[in-house]
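Let's talk through a model and ask how each label gets earned. Bring your skepticism.

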Amino acid sequence: MITTALLLAPLFAGAAHQANQVTPSQVLMESITVDAFSDLETDFQEAYDGWRAELRTAKGIKAKRALREKHPVRLFWDRFQSLANDGDGRALVWMSKSLRNKGLRLSEIAPEKVRLAKLLLKDYSQEAWFGDAVASFIQDRKHLGEDWVMTTLRTVAKDNKDHVIQAQSKYELVGMLRKVEGKQAEEEAEALIGELLDDYRDTEFGLRMLAERTRPEDLEAGKEAPEFMGRTIDGHEFKLSDYRGKVVLIDFYGFW
Amino acid sequence: MPHLQELVKLHQDSPFALIGVNTGDDPETYRKGLKKHGVSWISAYQGEASSIADLYRVSGYPTYFLIDAKGMIVATGHSSSAMEPKIKELLADMKKSKD
């Protein structure tokens, strides 16, 4: 489930990026106003890469331990905190991800993650980047509690104005429901898959949803072959159902 | 592959279609492969993606799914020559029910 979610991440990220696409005049504006969060994140990433390289070459346990004490998260913490105070919720997502490296004890991490998640949900759920927050909730579901995450996903799936974030929430919710025993969870998952398929049937994402729904016993002799849409390298699209009325041999292959 | 070409040739006048679904080749290897192996039938190209193969829970290559005219799965397996008699049988049945 996690692997599939990770595979999907680029899809959501890509779509969110498209939604964020800016016009040339906005780029001009941007270069004047600058995005403080992106800049800070870039700076942090640079510092982090440098620190990692240092850690790799450090000799001896003592030197390594000393370096761990100087984790870039600690150096950057206040700057992200101040961005968060100024109302940029993306900094909260960063903070939530960085608690461990800040040096918090395991017992302190969960309550802090809960606090940050609630803040994100309350104040930032309609932001274009909220998909990142949703992804972090999924990752932190053990800390946040599966029930809280599922309730949150249901809310976002229903109320978010961004359809990509809606789809992401539904998709993740299906993954979590799959692990819940009982007919009610199964029915809720089926209903969500139905909604997603209605919207995304002919996309890569829709195929993945179908794959989620298909069980090994659905692929045995005597069962209907799952519908799919294929695309040739020249961009010609076709469906399995285009070949209804013919005997079809599907050959899954690679030249590698 | 040579066997698949024969298969397509053998059934070219029958209601039979071979559909390739490629997974894992980069575009260059793929285009070269199509030419080298004389792939004249339709072939879906997925690049790094594998969603169709995932949908069919393909775990080894090649894997074949034989599907009848109504869209029902008849047989699955990893050998095209094992599929051949079944294809003939299906086509013969279709012809019989038509006659």
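What follows is a run of questions and answers on this predicted model.

Q: What makes the sheet one with mixed pairing, and what is its strand order?
A: The sheet is open, with five strands in the order S2(B)-S1(B)-S3(A)-S3(B)-S4(B). Look at the pairs: S3(A) (residues 247–253) runs parallel to S1(B), with seven bridges, while S3(A) and S3(B) are antiparallel, with five bridges. Parallel pairing and antiparallel pairing both turn up, and the label for the sheet is mixed.

Q: Why are S2 and S4 of chain B said to stand at the edges?
A: Each of them has a single partner strand, so one side of each is left without a neighbour in the sheet. From one strand to the next, the twist averages 15°.

Q: How do you know that S1(B) and S2(B) pair?
A: Two strands pair if there are at least two bridges between them, and S1(B) and S2(B) (residues 42–45) have four, in the parallel sense. One of the partnerships to look for is Gly20(B) with Ser43(B).

Q: Which residues can I click on to see S3(A) sitting beside its neighbours from chain B?
A: On the S1(B) side, try Ile250(A), whose bridge partner is Ile19(B). Asp251(A) stands opposite Gly20(B) there too. Over in S3(B), Ile67(B) is the bridge partner of Val248(A).

Q: What makes S1(B) count as largely enclosed?
A: Buried takes 20 or more other C-beta atoms within 10 Å. Six of the seven residues in S1(B) (residues 16–22) are buried, so the strand is largely enclosed by the rest of the structure.

Q: And H2(B): largely in the open or largely enclosed, and why?
A: In the open, for the most part: H2(B) covers residues 27–36, and of those 10 residues the number buried is one, so that description fits. After H2(B) comes Gly38(B), which has a positive phi, near 60°.

Q: What unit do S1(B), H2(B) and S2(B) make, and what is its hand?
A: Together they form a β-α-β unit, and it is right-handed. The call rests on the path from the first strand over the helix to the second, which runs clockwise when the strands point away from the viewer.

Q: Where does H4(B) pack?
A: H4(B) packs on the sheet, where it touches S3 of chain A as well as S1, S3 and S4 of chain B. The direction of H4(B) makes about 165° with that of S4(B).

Q: How many residues does each chain bring to the contact between them?
A: Chain B brings 48 residues and chain A brings 36 residues. On the chain B side, S1(B) gives the largest share, seven residues. That side divides by class into 33 nonpolar, 10 polar and five charged residues.

Q: Why are H8(A) and H11(A) called roughly parallel?
A: Their axes come within 10 Å and cross at roughly 10°. The label goes to angles under 35 degrees, and H8(A) and H11(A) are therefore roughly parallel. In the contact, Phe130(A), Gly131(A), Val134(A) and Ile138(A) of H8(A) meet residues of H11(A) including Val164(A) and Ile165(A). By class, five residues are nonpolar, three polar and one charged.

Q: Then what makes H6(A) and H7(A) roughly antiparallel?
A: The axes of H6(A) (residues 90–102) and H7(A) (residues 106–124) come within 10 Å and cross at roughly 170°. With the cut-off for antiparallel at over 145, H6(A) is roughly antiparallel to H7(A). The classes in this contact are nine nonpolar, one polar and three charged.

Q: Why is Gln166(A) only called partly exposed?
A: Gln166(A) has 19 other C-beta atoms within 10 Å. Buried needs 20 or more and exposed needs 12 or fewer, so 19 makes Gln166(A) partly exposed. This residue lies in H11 of chain A. Leaving aside residues up to four places away in sequence, Gln166(A) touches Ala157(A) and Asn160(A).

Definitions and conventions: Residues numbered from 1 in each chain as written. Chains lettered and ligands numbered in written order. Predicted model: local features only at pLDDT ≥ 70, side-chain atom pairs only at ≥ 80, totals over all residues. Helix = DSSP H or I, 4+ residues; strand = E, 2+ residues; numbered from the N terminus. Axes fitted to C-alpha atoms, helices over the stretch in contact; angles between N-to-C directions. Parallel < 35°, antiparallel > 145°, perpendicular 65-115°, else oblique. Contact = placed C-beta atoms within 7 Å. Nonpolar A, V, L, I, M, F, W, Y, C, P; charged D, E, K, R; others polar.
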